[in-house]
Amino acid sequence: MFAVVFMFNGTAITAGYHRLWSHRSYKAHWSLRLWFALWGAMATQNSVLHWASGHRRHHTNVDDYDKDPYSASRGFWFSHIGWMLRSYDDKSNDFSGIKDLQKDAIVMWQHKYYIPLVILMNIGLPVLLGYLNGDILGSFLLVGVLRLVASHHCTFFINSLAHIWGRRPYTDKNTARDNDILALFTWGEGYHNFHHIFASDYRNGVRWWQYDPTKWMIWGASKMRLASGLKKVSDFRIQKARLDMEYKRAGQNLTCEKALAQLEEQYEILLGALKEWSALHQQKLEAKAEELKKQWENSEAHTRYIELKKTLQEQQARWYLARNGHLV
Ligand SMILES: [Zn+2]
Ligand SMILES: [Zn+2]
């Protein structure tokens, strides 16, 4: 029960609060949003409105001492938990950056009933589960208390450790890091360097082998028609970001003039090839779509589709007459 509830809480934060609501990296069916709102309330990290408002400010002002609500430049403890414990104005009541979310009925409902939902999910549910399995105290301690502590710290690691420990393959303009170990504890959010440069992408672990259960979950939901419009940054932009960082680092390490000239030359050649490849890749995708379109246009189904459209219109007119008793 601990493991299952821990997972529901964690993924409601990563797939719901974070990638859906804060970054709008995909669209979700209302049932999925309700699911995230309930388990997210149980995770007790404030309502979606507060969370997304703070998180969007974190992205636009990353590392700024004052404007980033959990700025890593204030040290590990502040970014981990201190920003919530001290009397520090994180401006989470300023909802000017989340006007879009105020139109989401489920978000507004969760915000209005946040406290009752927290109590119901954190005390009511563990007690009910304990009643069902015959150990109310055990269930309350494990599913209620320990699960909340564990789930809290796993999220908080993203604001603290993921800005301190790891590599920076995509950008060094901010402190965000990619860290495979951290990804294990955070449902894939350990790939924070990628996330800070391409925040609209529904993936954080962008490579197929990177452990990002949240991206698999969103992808799975899209196959079940519960999620749609999954946003992906183009391969070209991702590869170019990596290439630029490698180029920059190599340039800092090399001292010999000749080697530097070689580096620049090879960089230009690779970038040119990458551009060409990405243009062709696009062409291939379009050709695929075109081919499918041609197949479809020549198919029997297509002819039938046109016929049926006409039949439907006629039938609708007849239906209208029938409903009003004019067919007799
Ligand atoms: Zn961050
Ligand atoms: Zn983010």
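Mentor: Before we start, a term: a residue is called buried when its relative accessible area is under 20%, counting protein chains only. Also keep in mind that this is a predicted model.

Trainee: Got it. So are His 23 and His 59 buried or exposed?

Mentor: Both His 23 and His 59 are buried.

Trainee: And which residues coordinate the zinc ion (ligand 2)?

Mentor: His 18, His 23, His 55, His 59 and His 195 do, each through its NE2 atom, at 2.0 to 2.2 Å. Two of these donors, His 23 and His 59, link distant parts of the chain. His 23 sits in the loop between α1 and β1, while His 59 belongs to helix α3, and they are 36 residues apart.

Trainee: How are the donor residues spaced in sequence?

Mentor: For the zinc ion (ligand 2), the pattern reads H-x4-H-x31-H-x3-H-x135-H.

Trainee: How far is the zinc ion (ligand 2) from the zinc ion (ligand 1)?

Mentor: The two ions are separated by 6.0 Å.

Trainee: OK, over to the zinc ion (ligand 1). What coordinates that one?

Mentor: The NE2 atoms of His 58, His 163, His 192 and His 196, at 2.1 Å.

Trainee: Why is the arrangement around the zinc ion (ligand 1) irregular?

Mentor: Look at the angles: the 4 donor atoms subtend 95 to 157°. A tetrahedral label would need all angles between 85 and 135 degrees. Because the range runs up to 157°, the arrangement around the zinc ion (ligand 1) counts as irregular.

Trainee: What spacing do the donors of the zinc ion (ligand 1) follow along the chain?

Mentor: They follow H-x104-H-x28-H-x3-H. His 58 in helix α3 (residues 48-60) and His 196 in helix α9 (residues 192-197) are 138 residues apart, so here too a pair links distant parts of the chain.

Trainee: Are His 58 and His 196 buried or exposed?

Mentor: His 58 is buried, with 0% relative accessibility. His 196 is buried too, at 11%.

Trainee: Changing topic: where is His 152?

Mentor: His 152 lies in helix α7, which covers residues 136-159.

Trainee: Why does His 152 count as buried?

Mentor: Its relative accessible area is 17%, and the cut-off is under 20%, so His 152 qualifies.

Trainee: What does His 152 touch?

Mentor: Leaving aside residues up to four places away in sequence, His 152 touches Ala 43, Thr 44 and Gln 45.

Trainee: Now pockets! How much space lies in the largest pocket?

Mentor: About 490 Å³. It is lined by 31 residues, and the closest to its centre are Gln 45, Trp 51, Tyr 70, Trp 83 and Phe 156. So Gln 45 turns up again, as one of the residues His 152 touches.

Trainee: Which helix gives the largest share of that lining?

Mentor: That would be α7, with 7 residues. Helices α1, α3, α4 and α7 each supply at least two.

Trainee: How does the lining of the largest pocket divide into nonpolar, polar and charged?

Mentor: There are 13 nonpolar, 15 polar and 3 charged residues.

Trainee: And what volume does the second largest pocket have?

Mentor: About 290 Å³. Of its 14 lining residues, Arg 203, Val 206, Arg 207, Trp 208 and Asp 235 are the closest to the centre.

Trainee: Which helix supplies the largest share there?

Mentor: Helix α11 does, with 4 residues. Both α10 (213-223) and α11 (235-253) supply at least two. By class, this lining has 8 nonpolar, 1 polar and 5 charged residues.

Key: Residues are numbered from 1 along each chain as its sequence is written. Chains are lettered from A and ligands numbered from 1 in the order in which they are written. This is a predicted model: local features need pLDDT of at least 70, side-chain atom pairs count only at pLDDT 80 or more; totals for chains, interfaces and linings use all residues. Side-chain values use heavy atoms; hydrogens and water are left out. Buried means under 20% relative accessible area, exposed over 50%, partly exposed in between (1.4 Å probe, protein chains only). Contact means heavy atoms within 4.5 Å. Donors are N, O and S atoms within 2.8 Å of the metal (3.2 Å for Na, K and Ca); water is not among the atoms, so sites may look incomplete. Four donors count as tetrahedral if all angles lie between 85 and 135 degrees; four count as square planar and six as octahedral if opposite donors are over 155 degrees apart and all others between 65 and 115; anything else is irregular. On a 1 Å grid over the protein atoms alone, a cavity is a set of points where a 1.4 Å probe fits but cannot get out, and a pocket is an open set with protein on both sides within 12 Å along at least five of seven lines; lining residues have an atom within 4 Å of a point. Grid points are joined across faces, edges and corners, and a volume is the space filled by probe spheres set on the points. Ala, Val, Leu, Ile, Met, Phe, Trp, Tyr, Cys and Pro count as nonpolar, Asp, Glu, Lys and Arg as charged, and the others, Gly among them, as polar.
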